[in-house]
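Here are my comments on the pockets of this model and on the strands beside one of them, set out as numbered points for you to check against the coordinates.

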Amino acid sequence: QIEFDEILPAEVVLEAGAVIRGIVRNDAGDPLKDIDVSAQRSGRNRQGQGETTVTDGDGKFIFDTLTAGDYRVACTGDGWRRWRETVKTGGEALEVTMEVAPLLTGRVFDGRGEAVFRARVQIDQGWGGDAAVTDKQGRFRLSLAIGGDRIVVRARGFAELRQQSDPEGEDLGDLILADAELITGFALAPDGTALSGARVTA
């Protein structure tokens with residue numbers, strides 16, 4: 001019988017974690033620090049099997065608490081093109097070479113020649129595409145870490161604009177947004193009374 005506040009000896013055995021390690025460099029061979037590195041378990045039942053870290057001053061990173069298996073390793077950093085590869089734990093150290101991300105530049109104006117502030121310029125590939133926001137002069141600089149060959153421009157009060165772009169970067173010049181069409185009306189209950197807070201979609 002265990003007494004209240006009794007201290008019992010216990011032995012906990014921890015298994016050594018599987019390891020993925022590597023070093024990240026630029027194309028000149030210089031180590032890159034503060035690069036975000038993630039390791040996500042590949043295949044089925046991968047929930048809770050991801051870890052993240054950043055490279056140190058020598059460009060090195062290590063994951064040493066993984067479950068053995070295959071992982072998709074991704075390296076990302078501001079101004080760098082994303083690097084990805086699927087690897088097994090316990091292999092040789094990864095040698096990662098990152099390339100400078102191409103840039104898309106340009107300006108966004110309305111039909112009256114006024115700069116559009118805070119327009120969102122994004123690579124048109126659904127969730128997760130590269131994106132940038134225009135400044136007060138309508139200018140944007142979009143770093144293509146993931147890449148793509150078409151952009152979409154969105155701003156409140158304007159129609160959405162889609163345009164082809166060079167995945168290796170270019171200056172798109174001036175992009176002109178058209179005013180959005182307005183739809184107005186009333187939302188009424190069956191008895192004819194006005195509905196407050198009704199959601200209307202188009």
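1. By class, the lining of the largest pocket holds 5 nonpolar and 3 polar residues, and no charged residues are found there. Please keep in mind, here and below, that this is a predicted model. The residues in question are I183, T184, G185, F186, A187, V200, T201 and A202, and the space that lies in this largest pocket comes to about 240 Å³.

2. The second largest pocket, with a volume of about 150 Å³, has a lining made up of 3 nonpolar, 2 polar and 4 charged residues. Its lining consists of D36, V37, S38, R72, V73, A74, T76, R82 and R84.

3. Which elements give two or more residues to the lining of the second largest pocket? They are β2, spanning residues 36-41, and β5, spanning residues 70-76, and it is β5 that gives the most, with 4 residues.

4. The strands β2 and β5 are also paired with each other, in the antiparallel sense and over 6 bridges. Within this pairing A39 stands opposite V73 in β5, and V73 is itself one of the residues that line the second largest pocket.

5. Strand β5 is further joined by 6 bridges to β6, residues 83-88, and these two strands run antiparallel, with Y71 standing opposite V87 in β6. The hairpin of β5 and β6 has 6 residues between the strands, and in this hairpin G79 takes a positive phi near 90 degrees, a backbone value that you may wish to look at in the viewer.

Note on methods
Residues are numbered from 1 along each chain as its sequence is written. This is a predicted model: local features need pLDDT of at least 70, side-chain atom pairs count only at pLDDT 80 or more; totals for chains, interfaces and linings use all residues. Side-chain values use heavy atoms; hydrogens and water are left out. On a 1 Å grid over the protein atoms alone, a cavity is a set of points where a 1.4 Å probe fits but cannot get out, and a pocket is an open set with protein on both sides within 12 Å along at least five of seven lines; lining residues have an atom within 4 Å of a point. Grid points are joined across faces, edges and corners, and a volume is the space filled by probe spheres set on the points. Ala, Val, Leu, Ile, Met, Phe, Trp, Tyr, Cys and Pro count as nonpolar, Asp, Glu, Lys and Arg as charged, and the others, Gly among them, as polar. Two strands pair if DSSP finds at least two bridges between them.
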